[in-house]
Amino acid sequence: MQHPLAKLLSVAITLLVLISLPPRAIALSDAIAPELAQIPSNGTSNGSSFVTTAVNRVGDSVVRIDTERVVTRNFDPFPNDPFFERFFGEDFFPTPAPREQLQRGQGSGFIVDATGTILTNAHVVNRADRVTVRLKDGRDLDGRVAGVDSVTDLAVIKVNTNGRDLPVAPLGDSDMVQVGDWAIAVGNPLGLDNTVTLGIVSTLNRSSAQVGIPDKRLDFIQTDAAINPGNSGGPLLNARGEVIGVNTAIRADANGIGFAIPINTVKAVSDRLARGESIAHPFIGIQMISLTPDLARENNRDPNAGFTIPEENGVLVMRVLAASPAEEAGLRRGDVITQIDRQPVTSAEDLQRQVEESQVGQVLRLQVIRGDRTLSLRVRTGELQADAR
């Protein structure tokens, strides 16, 4: 029989990750063509749509990013087989010789400073030994990774322009984006340079946990504009040709669902990354799920449940990481967190957001329900490290 906590975790994860699809596909011509006629062409007299105008405004600033990385692997010409050892002995086998393998990757980016500052995703340039930036006019420039923040999946590349100004993408305000707004993705998917796709903003503030990448600290813009491998790091535009997000992720198990980092999140860290600074992210060190009274009651009705869970809205602690701030503060598996600094906490995303908005080293006061007791615990946040994610 499935353990009740495992069942609870499964239900909670399903609630977090599930993204509903539309009941039926809508033909592009049926859904979009009538709306295109209603959008002004920004003064163009050749009949071009607003999409053409938007792409022309930003297109020259979108770049392709090619990366190379040398990986060293040990190659053993003799398999570890007792048959060979029986006839030749263990001393016969030489030490495996290392072999170097060249790995290549590709992504997109866009220029944000005329002197050669380019934004992209951290995973595009992760551990790259060489970065080459190809401009739309065909020029290839050597790139230098100035800064990377893997938690927000952002990176800044610098190129030497030899004194020539580069075209710059206009940045918008992602706080003004609404569900239903037009969304235009520009990039180099699957090696097909200068590709444009059109859709709408499907939803806002889609958490990284819901998307299925819990090692990030992001609330995404969700769009149905087609995003494919190679689009990563490219811009998501509004109808005016302003960048509202950085295309980042897709759902492998779904069609028509893509995610972009809001441009205001990017603005908050890009200048520091360009200066080579690291970005500190506070953490407390727990694995958690959102808890509702219904989920708690389902667990508590099970006679085989290991323990009773308070029937409250809050965050259930599923695991406390060793040597973490949470362990030092006395948090335990099975605790339910209901408040941080006297502010209600109703979901795992809410708790993560409040921790992220604090400072490294800041003391947070948690209200915790443990069994039939209500406790107040003080947690001093630590800095999230790469090996802690």
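**Whole chain**

Colour by secondary structure: 10 helices and 20 strands make up the fold. The model is predicted. Of the 389 residues in the protein, 43% are buried. Switch on the surface next. The accessible area comes to about 20,600 Å², and carbon and sulfur atoms hold 48% of it. For a contact map, take pairs with a separation of 6 or more: 65% of those contacts join residues 24 or more positions apart.

**The barrel**

Select strands S7 to S12. They form a closed barrel of 6 strands, in the order S7-S8-S9-S12-S11-S10. The pairing is antiparallel. Neighbouring strands of this sheet are turned by 45 degrees against each other on average, ignoring direction.

Zoom in on S8, residues 195-207, and S9, residues 219-223. The two strands run antiparallel, joined by 4 bridges. Which residue of S9 stands opposite Val-201? Pick Thr-223.

**Helices on the barrel strands**

Add helix H3, residues 50-58. H3 lies across S7 (182-187), S8, S10 (235-237) and S11 (243-250). Its direction makes about 45 degrees with S7.

Now add helix H7, residues 263-274. H7 lies across S11 and S12 (258-262). The angle between H7 and S12 is also given as about 45 degrees.

**A loop residue**

Step back along the chain to the loop between S6 (154-159) and S7, and select Thr-161. Is Thr-161 buried or exposed? Its relative accessible area is 10%. The cut-off for buried is under 20%, so Thr-161 counts as buried. Show its contacts, leaving aside neighbours within four places in sequence. Ala-114, Thr-115, Gly-116 and Leu-166 appear.

**Strand S15 and its partners**

Select S15, residues 314-320. How many of its 7 residues are buried? The count is 5, so S15 is largely enclosed by the rest of the structure.

Add S14, residues 286-291. S14 pairs with S15 in the antiparallel sense over 6 bridges. Label Ile-286 and Val-320: these two are bridge partners.

Then add S16, residues 336-340. S15 and S16 also pair in the antiparallel sense, over 2 bridges. Here Val-315 has Ile-337 of S16 as its bridge partner.

Turn on side chains for a last look. In a regular strand, side chains alternate between the two faces of the sheet.

Technical notes. Residues numbered from 1 in each chain as written. Predicted model: local features only at pLDDT ≥ 70, side-chain atom pairs only at ≥ 80, totals over all residues. Heavy atoms only, no water. Pairing = 2+ DSSP bridges. Axes fitted to C-alpha atoms, helices over the stretch in contact; angles between N-to-C directions. Contact = heavy atoms within 4.5 Å. Buried < 20%, exposed > 50% of the residue type's maximum accessible area, 1.4 Å probe, protein only. Areas by Shrake-Rupley, 256 points an atom, 1.4 Å probe, with all protein chains shown as cover.
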